[in-house]
Amino acid sequence: MKSYDELFALRGSAYDRAMRRYPQARAQEFAQAVERAALAPGQVVADVPAGGGYLQRYLPAGCVWLGHEPCASFTHHGTPDAPASQRPLLPLPWPDASADAAISLAGVHHLADKRPLFAELQRVLRPGGRLVLSDVAAASPVACFLDGFVGAHNSTGHEGVFLGGSTLAELAETGWTVQSAEQVDFHWVFDSARDMAAFCTELFDLRHASPEQTEDAIRAGLGLRELDARRTGMNWSLMTVVAVRP
């Protein structure tokens, strides 16, 4: 299994292009994580791994965003919202008790052992700080799509270490108090199925599948919903965990 750093050194630029070409496609995904963080103006929010800094635009006004992303493929664009740090993922580049909350969205399924990250996040949060961990659940349709179609057709393969009961045990082992864990269903939203296929082709670096094959695989494995006359929703779902630092 390739590490997070190895995977996104190879395909982070394609992922970032997709996110910048369709910046609102995953708005519901980011919003559900931010909602559960229960943030107040002025709070400091750690975002790990931060990709191209996409979470930042969804934070409440007045929040201070700290983004840490180890892969230069996300951070070499010179854009104002790109994370500044290009250090290894761990240790995190912030002092003890320097953040009020942390959000980790859709990145930790690339970590075989998540406990070192959980321990570091606890170190940088203040007592009472809240962690929102939102990622793919084991054995879910999304997990099957990623390890199946995406893994067979992208540039790196895909072998996720997805969230489940063991994740909650690892959080407890590293000192977190888990408050909730739920499966959250939402949509990635596009103007058309064609745009959806183009987005997923670039996001997942699907070099060995046509857009038509990608659309067919999404329809079969995940399903679509016509949200209204102008928007198509691609079904997506994440396990979202809220944990508190004692």
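Here is a walk through the fold, from the overall outline down to a few single residues. Keep in mind that this is a predicted model.

Let's start with the whole chain. The protein chain has 8 helices and 7 strands. Its C-alpha atoms fill a box of roughly 50 × 40 × 40 Å along the principal axes. A compact globule of 246 residues would have a radius of gyration near 18 Å, and the chain comes in at 17 Å, so the two agree. As for how much is tucked away, 55% of the 246 residues count as buried. Partners that sit far apart in sequence matter here too: of the contacts with a separation of 6 or more, 75% are between residues 24 or more positions apart.

Now find strand β3, residues 99–105. Because 6 of its 7 residues are buried, β3 is largely enclosed by the rest of the structure. On one hand, β3 runs parallel to β1 (residues 44–47), with 3 bridges joining them; in this pairing A46 stands opposite A102. On the other hand, β3 also pairs with β4 (residues 125–135), again in the parallel sense, over 6 bridges. There, I103 has V132 as its bridge partner.

β1 has another parallel partner to look at, namely β2, and 4 bridges hold that pairing. V44 is matched with V64 of β2. β2 itself covers residues 64–67, and its two faces are easy to tell apart: W65 and G67 are on the covered one, while V64 and L66 are on the uncovered one. In a regular strand, side chains alternate between the two faces of the sheet.

How does the chain get from β3 to β4? Helix α4 (residues 115–124) joins in, and β3, α4 and β4 make a right-handed β-α-β unit. On the way, the loop between β3 and α4 holds A106, which has a positive phi of about 60 degrees even though it is not a glycine. Within α4, the buried residues are L117, F118, E120, L121, Q122 and V124. They pack against β3, β4 and α6.

That last neighbour, α6 (residues 165–173), is a nice one to look at end-on. Its buried residues are T167, E170 and L171. Seen down the axis of α6, these residues fall within an arc of 100 degrees, so they line one face of the helix. An α-helix has 3.6 residues a turn, so residues three or four places apart point the same way. The face turned away from the buried side of α6 carries the exposed G165 and E173. The buried residues of α6 pack against α4, β4, β5 (177–190) and β7. Just after the helix, G175 takes a positive phi of about 100 degrees.

Helix α2 (residues 27–37) is mostly covered, with 8 of its 11 residues buried. Among them are E29, F30, Q32 and R36. Just past the end of α2, A38 has a positive phi of about 50 degrees.

What about the interior? The largest nonpolar core has 78 residues, and those touching the most other members are F145, L146, W188, F199, F204, M234 and W236. Strand β7 (residues 232–244) gives the most to this core, with 7 residues. In soluble globular proteins, nonpolar side chains tend to be buried together. Take W236 and skip its neighbours up to four places away in sequence: it touches E29, V142, F145, L146, V184, D185, F186, W188, F204 and L222.

I218, in helix α8 (residues 211–221), is another residue worth a click. I218 counts as buried because its relative accessibility is 0%. Setting aside neighbours within four places, I218 contacts F145, M196, C200, G223, L224 and M234. I218 and C200 are 18 residues apart in sequence, and their C-alpha atoms are 9.4 Å apart in space.

Finally, some loops have backbone details to look for. In the loop between β1 and β2 you'll find P49, joined to V48 by a cis peptide bond with omega about -20 degrees. P91 is in the loop between α3 (72–75) and β3, and the peptide bond from L90 to P91 is cis too, with omega near 0 degrees. A97 is also found in the loop between α3 and β3. A97 has a positive phi of about 50 degrees although it is not a glycine, and it is partly exposed, with a relative accessible area of 34%.

Key:
Residues numbered from 1 in each chain as written. Predicted model: local features only at pLDDT ≥ 70, side-chain atom pairs only at ≥ 80, totals over all residues. Heavy atoms only, no water. Buried < 20%, exposed > 50% of the residue type's maximum accessible area, 1.4 Å probe, protein only. Pairing = 2+ DSSP bridges. Right-handed = clockwise from strand over helix to strand, strands pointing away. Core = buried A, V, L, I, M, F, W, Y, C linked by side-chain atoms within 4.5 Å. Contact = heavy atoms within 4.5 Å. Arc of directions from axis to C-beta. Rg over C-alpha atoms; globule rule 2.2 N^0.38 Å.
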